[in-house]
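Subject: Structure for you to look at

Dear colleague,

I am passing on the structure we spoke of, and below it I have set out what was found. Please read the notes with the structure open beside them.

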Amino acid sequence: MITHLFKVHLECKSTRKQKFFKNLIKRAFTWKALFFLFFCLNSNQNFALRIAVFDTGFCPSLLEKSNHFVISQVKDVTQSVTYKCNKHSLKNRQFHGQWVLSELLKTKLKEGSNTKIKVFPFVIFNNRGVQEIRYWKRAIEEAKKLNVDFVVAAAGLPTKNTKEREKAAQIGFKDLPFLLAAGRRYPGINKGTILFPHDFLDQESRLIFGTYFEGVDHSRPHFKDLELLEPKKVNYFLPFNFKPRVFGELKGTSLAVSLATRYILETCLKAKADEGAFSFMGCLKSLEKERVTIKVKHQKSVEEVYSLPIP
């Protein structure tokens, strides 16, 4: 079946295109002809951006409808996960990917805009909730074939030994930017943990989003997130428990990268519309910044970090 659909797509692009459509008309638009025509028209749809989301489970059928997002079929690169999509199960951490995707769909674009964003969800956690280098490699290779503009990953793989790090270092990231949730201390993850892909990407190829804790008085310093693995590598810091959000279970750096992606989509797509010529990486480098003062509780010294003006 896949080969058959691919042949149809090629036929739409061939020099025999007119002949193909004439034959469709002669068949009086039988159900097969209608199917082929629909496929050809939609296969050539232009998208302002194509993004991949690497995470756990997704349930596109349960997402709110959006005029701007087209969600592709979920790709399970672990080839092991089975789950049932129903509203009562979505608060389970198995659907962390759904939480992230739901937040992205809140992106607000210009009223009346026909902009379309294609999203490719990838499951990179197997049926035991475990990541592996080979899953990430498959997902990255597939994302590159799909010509995505960037990858959103509210996840990271702790590399445990030299062998794993050698395998990780061999994975090619060329021209594939990543928006990443900063690593935090967790069982099995500590201050010395080397995360993939965070620690294997050039600074020019990734943005990392961390968190701070908001103080009650916004005129005073907020509080440093002491659980972050490498705060010096974090590009932007956002509130740990930002509200409102679609799922209360989504918080911390996973929420931070979701909010940041929304802001980036809104900002960069506006820049694309206004300027014509467009560089996604150029837009990332020119994001509007705001300064936030943070401190360690019960200490006097403070520091300033960059945040994003999330409304």
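Arg245 sits in the loop that runs between β11 (236-239) and α7 (252-275), and please bear in mind throughout that this is a predicted model. Arg245 is buried and yet has no salt bridge, the nearest side chain of opposite charge being that of Glu103, which lies 6.5 Å away; a salt bridge would need a side-chain nitrogen within 4 Å of a carboxyl oxygen, so this pair does not count as one. What the side chain of Arg245 does reach is backbone: the oxygen of Phe242 at 2.8 Å, and likewise the backbone oxygen of Leu250, at 2.8 Å.

Once the neighbours within four places in sequence are set aside, Arg245 is in contact with Glu103, Lys106, Leu250, Lys251 and Leu255. Of these, Glu103 belongs to helix α4, which spans residues 96-104 and is mostly covered, with 9 of its 9 residues buried; among them are Trp99, Val100 and Leu101, as well as Glu103 itself.

As for the protein as a whole, it has 8 helices and 13 strands, and 45% of its 311 residues count as buried. If one takes the contacts between residues at least 6 apart in sequence, 76% of them join residues at least 24 apart. The protein exposes about 17900 Å², of which carbon and sulfur atoms supply 51%.

With best wishes

Methods: Residues numbered from 1 in each chain as written. Predicted model: local features only at pLDDT ≥ 70, side-chain atom pairs only at ≥ 80, totals over all residues. Heavy atoms only, no water. Buried < 20%, exposed > 50% of the residue type's maximum accessible area, 1.4 Å probe, protein only. Helix = DSSP H or I, 4+ residues; strand = E, 2+ residues; numbered from the N terminus. Lys, Arg positive; Asp, Glu negative; His and termini not counted. Polar contact = N/O pair within 3.5 Å; in protein donor to acceptor, adjacent residues only side chain to side chain. Contact = heavy atoms within 4.5 Å. Areas by Shrake-Rupley, 256 points an atom, 1.4 Å probe, with all protein chains shown as cover.
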